[in-house]
2 protein chains.
Amino acid sequence: MENKLITPRKLQGFWELMPKEQMCFSNLINKIEEVFKNNCFVPLDTPVLEYSEALLAKSGGETDKEVYRFTKGSTDMCMRYDLTVPLARFVSMHKDELTFPFKRYQIGKVYRGERPQKGRYREFYQCDADIIGNEALSYVADAECIRLLEKCFEALNIDVEVRVSSRKILNGYVETLGKLDRINDILIVLDKLDKIPLEEAKLQLKEIGLSEKEQNNIIELTQTTGNIESVCKKLEKMCQNSTFVEGLENLKEVDSYLKNLGSKRVIYDLSIIRGHNYYTSIVFEGFFAGKKNLGAIAGGGRFDNLCGYFTDKKMPGVGMSVGITRLFSHLMQENYFNFDQISEIDCGIINFDETFAESLALEEELRKNGIRAEIFYENKSFKSKMKEANRRNLKYVVIVGENEVKEKKYTLKDMETSNQSQLSVAEIVKTIKG
Amino acid sequence: MENKLITPRKLQGFWELMPKEQMCFSNLINKIEEVFKNNCFVPLDTPVLEYSEALLAKSGGETDKEVYRFTKGSTDMCMRYDLTVPLARFVSMHKDELTFPFKRYQIGKVYRGERPQKGRYREFYQCDADIIGNEALSYVADAECIRLLEKCFEALNIDVEVRVSSRKILNGYVETLGKLDRINDILIVLDKLDKIPLEEAKLQLKEIGLSEKEQNNIIELTQTTGNIESVCKKLEKMCQNSTFVEGLENLKEVDSYLKNLGSKRVIYDLSIIRGHNYYTSIVFEGFFAGKKNLGAIAGGGRFDNLCGYFTDKKMPGVGMSVGITRLFSHLMQENYFNFDQISEIDCGIINFDETFAESLALEEELRKNGIRAEIFYENKSFKSKMKEANRRNLKYVVIVGENEVKEKKYTLKDMETSNQSQLSVAEIVKTIKG
């Protein structure tokens, strides 16, 4: 070939794992998917590309700088930047065929062309589970999504805490201040209280028109945290606004369902706001237990009207999402994965030239019995085959000599202990599986 | 909300399944993935986007009309149109870190903006498994990929036949005709012998410069099919060209490994050519057994130099791919899936108002035991809950009345037989799982 060589590069800010890392990552995803299925969610797999008109409906068709948008022929299209807008599009299209409440999960890649920075990627996975109601939706669904978040982390054996609030409580409070028209600005300030100095936050609230006392009160409100009883005790005296009271009632109702569902990891925390302005009631975030400072690794909430851009039919929903790409990075840092124990091979097969045919047959038989067996056909000598088994850090090898073939008993060597025993195929399978 | 409504549409030519279909499709993919893992392949998950320079290396950087290509900022990028070029890019980048032979699988979506037509989509899945060698690669790898193809379909309980050839046989024959410079044109004609009239094919071969006798001979050559013995018997007399003989020797070698590996579904068939011009030796395609006319549902082959555009290092490889999107469409047509028996719910829970809390707890307990149990919290009355269970075509419901709660024995109703029995949670789990 006489081509000029091209330097092999992946796109900047894109994520790509090496095989062992990918095995761990796939494992995380599989476990979360099992939890979604076990909780009666159905899978959905929408296209990566959507009409720009549909995907950018929220921004009124304005190009969001982060979105990968392009035209092909006369079609203006975008790569999805989340899985929620495609869900809204799908549910709106099929609202007469679907069974409601519609419980769907989707695990897939989304695209945001933002400036690459630590822990942020331009292509990353979202693991979403949502429950969409037809006209109405019980708060049991909110409890189910919160419990689902807990279960995902239980399945990963990760100690999690879920912090829960209701947007209505802050909304109601802001209403009593006569500042409901500035609610989004106020929430933006309150949402970054843990990132900016207190004085800076107060200054911004002052600019919005809150008095010193109102600033202090609303900040104190967001600092309310504890179990349902203590939070209610503190807040019930604070405000009689009907939205505020309703928010508190919602929390109590959700808490009662959560107790029935065996939840033990919920903390009520009025600082939980979540950025998306489509949340209207319950909001929640998951953190490594006791490590709120590391940032949320999952979250969700209730939206009154998922499909408002597509249909007049009211479809309230509640959903949760695990930030699996970010979670994986955290877990890598904390040495959660034991790479030494991860292999694509359960058992190497070491043959001699004269037993090659039988060794291939043995490989096949072991694989048929669920053992990931591998013969090293590129390594010629016995010695180099053993070296390969060591290099690959295998736990077991089977040695296949002529005697072994004759007696149909093979030498299984435990590479950690160096113990060897003569075993039948069935015994080898049993030993390795045990 | 006062937005003008947007008609929810998915992009033309894009594929999207309804939930039950998606459950079946995911199931196919999971089974194939299990086969890949069982055969010691590691997962890879390259980005959907690549630098255009890398992805279009083959075409010398010319924009292929089918490719989704665009710029963002100053970056010229493409959505991948297969999983092979990204593999070549990855292997070239990491050639000093990877273990060879590198056995990787990737299951992912690829993008081709071709004109939508029956059975062809602009976004579709590929399930690829490839073995990449370092400088050299034994023909055991070819046998492994062919056997892997068989195993994928065995796992799906689909009767398959794999038709195998070697490109070298036709190459060698064409060489004896002194037409090696026209080999690609000749292969293009021979590859469509089953699609165009024989006379048309002969005319095209004539235009390439083949005599009447040569036309007949090469067409007869491609019609050679049978087991290894019969194919060798026919061909060994036909031609002494060294490439031709080498091709035949490769087939014999692969056949001997296939026999060791327990293959029973291989037919040698010289009409198998496969379009891609990167194949250089063994090529194969999988068909529904006895239904070659339906077209290939899987295929693969050997390429001498996967990474030639990226590195001078020689890396031969062999791979196989299941056309899972196309396969799924076929299977849908043939009623392979029993949609009546597919549900996201194993067991509905029918409660009364006064047993709601206990029913939620029961749902949790059943789910914990692996039963996908669901309480119908949107349906208020007993009657409407039962109706919902019927509508969803559930096999079981558990009825939770006050007596049931007191005795911790619940009424399990088999919805097919209408049989009811009073059972503990453990007994319910056992009955449903059995």
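Two residues are in contact here if their C-beta atoms, placed from the backbone, lie within 7 Å. Keep that cut-off at hand for the exercises below, and remember that the model is predicted.

**Exercise 1. The interface between the chains**

Find how many residues of chain B are in contact with chain A, and which helix of chain B gives the largest share.

*Solution.* Start with the count: 72 residues of chain B touch 72 residues of chain A. Next, look for the element that contributes the largest share on the chain B side; this is helix α1 (residues 19-38) of chain B, with 6 residues. Finally, sort that side of chain B by class, which gives 34 nonpolar, 17 polar and 21 charged residues.

**Exercise 2. The domains and the sheet of chain A**

Work out where the domains of chain A lie, and what the strand order of its open sheet of 9 strands is.

*Solution.* The domain assignment splits chain A into domain 1 (19-333) and domain 2 (344-433). Their C-alpha centres are 51 Å apart.

Now trace the sheet. Its order is β1-β5-β6-β12-β11-β10-β7-β9-β8, and the pairing is mixed. At the edges are β1 (42-43) and β8 (225-226) of chain A, each of which pairs on one side only.

Zoom in on one pair: β10 (residues 282-288) and β11 (residues 298-303) of chain A run antiparallel, joined over 4 bridges. Within this pair, Val283(A) has Gly301(A) in β11(A) as its bridge partner.

To finish, add a helix: α11 (residues 324-333) of chain A lies across β6 (123-132) and β12 (317-322) of chain A, and runs at about 125° to β6(A).

**Exercise 3. Two helix pairs**

Decide how α1(A) is oriented relative to α4(A), and how α6(B) is oriented relative to α7(B).

*Solution.* Two packed helices are described by the angle between their axes and the distance between the axes.

Take chain A to begin with. Helix α1 (residues 19-38) packs on helix α4 (residues 140-155) of chain A at about 140°, with the axes 9 Å apart. An angle over 145 degrees would count as roughly antiparallel, so α1(A) and α4(A) are oblique to each other. The contact has 5 nonpolar, no polar and 3 charged residues. On the α1(A) side are Lys31(A), Ile32(A), Glu34(A) and Val35(A), and they meet Leu148(A), Lys151(A), Cys152(A) and Ala155(A) in α4(A). The crossing of α1(A) past α4(A) is right-handed.

Then turn to chain B. The axes of α6 (residues 183-191) and α7 (residues 198-208) of chain B come within 10 Å and cross at roughly 175°. The helices α6(B) and α7(B) are therefore roughly antiparallel. Here Asp185(B), Ile186(B) and Val189(B) in α6(B) meet Ala201(B), Gln204(B), Leu205(B) and Ile208(B) in α7(B). By class, this contact divides into 5 nonpolar, 1 polar and 1 charged.

**Exercise 4. Backbone details**

Locate the cis peptide bond that ends at Pro101(A), and find which residue in the turn of the β16(B) and β17(B) hairpin has a positive phi.

*Solution.* The bond from Phe100(A) to Pro101(A) is cis, with omega near -5°. Pro101(A) sits in the loop between α3 (84-93) and β5 (102-111) of chain A. In chain B, the bond from Phe100(B) to Pro101(B) is cis, with omega near -5°.

For the hairpin, β16 (residues 410-414) and β17 (residues 420-423) of chain B pair antiparallel over 4 bridges, and Lys413(B) is bridged to Gln420(B). There are 5 residues between the strands, and Ser418(B) in the turn has a positive phi of about 65°.

Terms used
Residues are numbered from 1 along each chain as its sequence is written. Chains are lettered from A and ligands numbered from 1 in the order in which they are written. This is a predicted model: local features need pLDDT of at least 70, side-chain atom pairs count only at pLDDT 80 or more; totals for chains, interfaces and linings use all residues. Two strands pair if DSSP finds at least two bridges between them. Axes are lines fitted to C-alpha atoms, for helices over the stretch in contact, and angles run from 0 to 180 degrees between N-to-C directions. Angles under 35 degrees count as roughly parallel, over 145 as roughly antiparallel, 65 to 115 as roughly perpendicular and the rest as oblique. A crossing is left-handed if the near helix is turned anticlockwise from the far one by less than a right angle, and right-handed if clockwise. Ala, Val, Leu, Ile, Met, Phe, Trp, Tyr, Cys and Pro count as nonpolar, Asp, Glu, Lys and Arg as charged, and the others, Gly among them, as polar. Domain bounds come from an automatic or database domain assignment.
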